[in-house]
Amino acid sequence: MKDSKGLINIEQFNDIIDILNPCMDNYLYIMDIQNDYYSISESAVERFKIPAPQFSHANDMFHKFVHPDDIPMLSDDLDQIMSELKEEHNLQYRWLDKNDNPIWINCRGRVIFEENMPKYLVGCINEIGRTQKADNDTGLLKESSLQHELESESSKKLSGFLLRLGIDNFKEINENRGIEYGDMILKKTAECIQAVTLPDQKTYKLIADEFLIVDMTGRSVEKAQMQYELIRQNIQHFIESNSYDAFYTISGGIISLDDISEQTFSNLMKLSEFALSVAKRGQKNTCYSYVNDDYRAFLRRKSLINTLRHSVHHNFQGFITYYQPIMNIKEQRLTGAETLLRFYSEETGMVSPVEFIPLLEETGLIIPVGKWVISQAMSACKELQKTIPDFTVSINISYIQVLKSNVLNDILKGLKKYHLAPTSIQIELTESGLLESDKSFINFRTGLHDNGIPLSLDDFGTGYSNFHYLNTLNPRTIKIDRSFTLKALDNDYDYNLLHHMADITRDINSKLCIEGIETLQELNKICRMEPDYIQGYYFGKPCPLDQFIEDFVTNK
Ligand code: C2E
Ligand code: MG
Ligand code: MG
């Protein structure tokens, strides 16, 4: 316990404050606890709604410049000092600046005793915003303050929720209306959020357009969802009262603290960021509550992308092309195969193309991988034509390849390299995602046609099958997807529909290939509609080239 005996008196301390004031960003203060008298640096009076550098009735005067919501917390702390329960004061709370804006401050001080009674509280105040811990535009604390708070609570198991909020397409607001307008939107959004923040919750301003409501009082995810809805309504009201001058929406991601075992600052930030990103990835203007399985799937996806990228950079190690027989039913013989890509790695095991093709498309890796598939398929075709001279190999091509690379050139180069006739291959394009009016697509389609390379329309019957495509594309073959085949095998309506499609195919001089035939019974039923080709497990599953040659060429 330090006694004031031998220390300087309050007048001398005031002189020191005056001397140091021009040299400091922070504000020095002394409070005479027993006489309720307060003295602070002149610069604080210039910035905040503080009546004078020195004043009496300090506890009453605090009401003039301390944020009303924070008065109870401050009074409580000062009471503890008066009652000798504490000798140190360390509080983060808000003062009001000259324009009534809340400014976060960190007030630290120590108690000096006189005759064993607390006499003075002496210390220093700094603006948290100046040390990047608060955002003065919105009057909210920043991420680093949350970190500070969570670290000080690290021994406790937290219960409650984090609701992370992000303005949808905020970049566009800034770009279209300017940064100052964007700042106004941030400020208004902060007000909409604070209006529903309960006294025992805290709101933080995170990077860019994001906010975080922290509830450590055990409230449920359902309560967080309700709070999100209220925020959405508040924003809607603001937009209406602002005559739709700005229109924007907000998305939210919730994590339940009770469900998270690793409650470190970095883990909580990571998971809340993930939750918000899921909401934003969808149609936006919505709220998503964190589910562990979703996060695991997200991590698997991320790790799979890394593995795929690594493989592409290491000579396509792990990729292998499989071949599935396509039977010419009329001639009762094998005349072709579809090239189907596989991927294997030790970390991931065997991965289905249904999972990895979309990732290759998303990352653009489909372009190098697709090129590699073309080359593998053509090399296989060359090999197979040694035994079956009219053998054709089908190659699946993604629209990303068509739109973002010169895939036609890759195909033509391959044909030249392997001395193949253009009719040795068939290019399979899926019905869904067809961009018939896109310039790159039109060039590709005309390029195939002009070079005599046949096109197959894959997955027919899965999307909004549009007979108009048939006319535009003029495909050599129409491939019926297994899901449609199954329906046709199951009910008369779809069987008749497929039967009619077989007739239409003949009328437009295309060939019909039915996919997904697994049993003799299915084969017999489907053959009644006289398709040209059948591809299915009944004749053979996709397999590596060596095995394909052994099973379907050499031993047949
Ligand atoms: P797809 O092009 O429609 O290929 C036919 C799919 O049906 C293949 O699945 C094949 O294994 C499966 N299938 C064939 N017959 C049967 C059967 O009787 N029963 C069952 N249950 N399934 C059968 P897979 O190999 O898993 O490929 C899935 C899809 O991945 C392909 O559908 C294709 O869209 C895509 N894909 C595969 N390889 C490539 C590629 O190299 N490039 C691109 N862009 N996509 C590819
Ligand atoms: Mg296909
Ligand atoms: Mg198909």
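**Notebook: magnesium site and ligand 1**

I looked up burial in this predicted model and found that Asp458 and Glu515 are both buried.

Entry on the metal. I asked which protein atoms act as donors to the magnesium ion (ligand 3). They are Asp458 through OD and Glu515 through OE, at 2.1 to 2.2 Å from the ion. I noted that sites may look incomplete because water is not among the atoms.

Asp458 has a further role at this site: it bridges the magnesium ion (ligand 3) and the magnesium ion (ligand 2). I read 3.9 Å between these two ions. I then placed the residues in the fold: Asp458 is in strand S19 (residues 455-460) and Glu515 in strand S21 (residues 511-515), so the pair ties together parts 57 residues apart in sequence.

Entry on ligand 1. I listed 22 residues around ligand 1, of which Glu338, Arg342, Asp458, Glu518 and Tyr537 come nearest. By type, I sorted the shell into nine nonpolar, eight charged and five polar residues.

I checked polar contacts next. A polar side-chain atom of Asp458 is 2.9 Å from an oxygen atom of ligand 1. Tyr537 places a backbone N or O atom 2.8 Å from an oxygen atom of ligand 1. For Gln324, I found a polar side-chain atom 3.1 Å from a nitrogen atom of the ligand. On its own, ligand 1 has 790 Å² of accessible area, and the protein covers 84% of this.

Entry on the shell by element. Which element supplies the largest share of the shell around ligand 1? I found that S15 does, with four residues. Strand S15 (333-345), helix H11 (353-363) and S19 each give at least two.

Conventions:
Residues numbered from 1 in each chain as written. Chains lettered and ligands numbered in written order. Predicted model: local features only at pLDDT ≥ 70, side-chain atom pairs only at ≥ 80, totals over all residues. Heavy atoms only, no water. Donors = N, O, S within 2.8 Å, 3.2 Å for Na, K, Ca; no water. Buried < 20%, exposed > 50% of the residue type's maximum accessible area, 1.4 Å probe, protein only. Near = heavy atom within 4 Å. Polar contact = N/O pair within 3.5 Å; in protein donor to acceptor, adjacent residues only side chain to side chain. Areas by Shrake-Rupley, 256 points an atom, 1.4 Å probe, with all protein chains shown as cover. Nonpolar A, V, L, I, M, F, W, Y, C, P; charged D, E, K, R; others polar.
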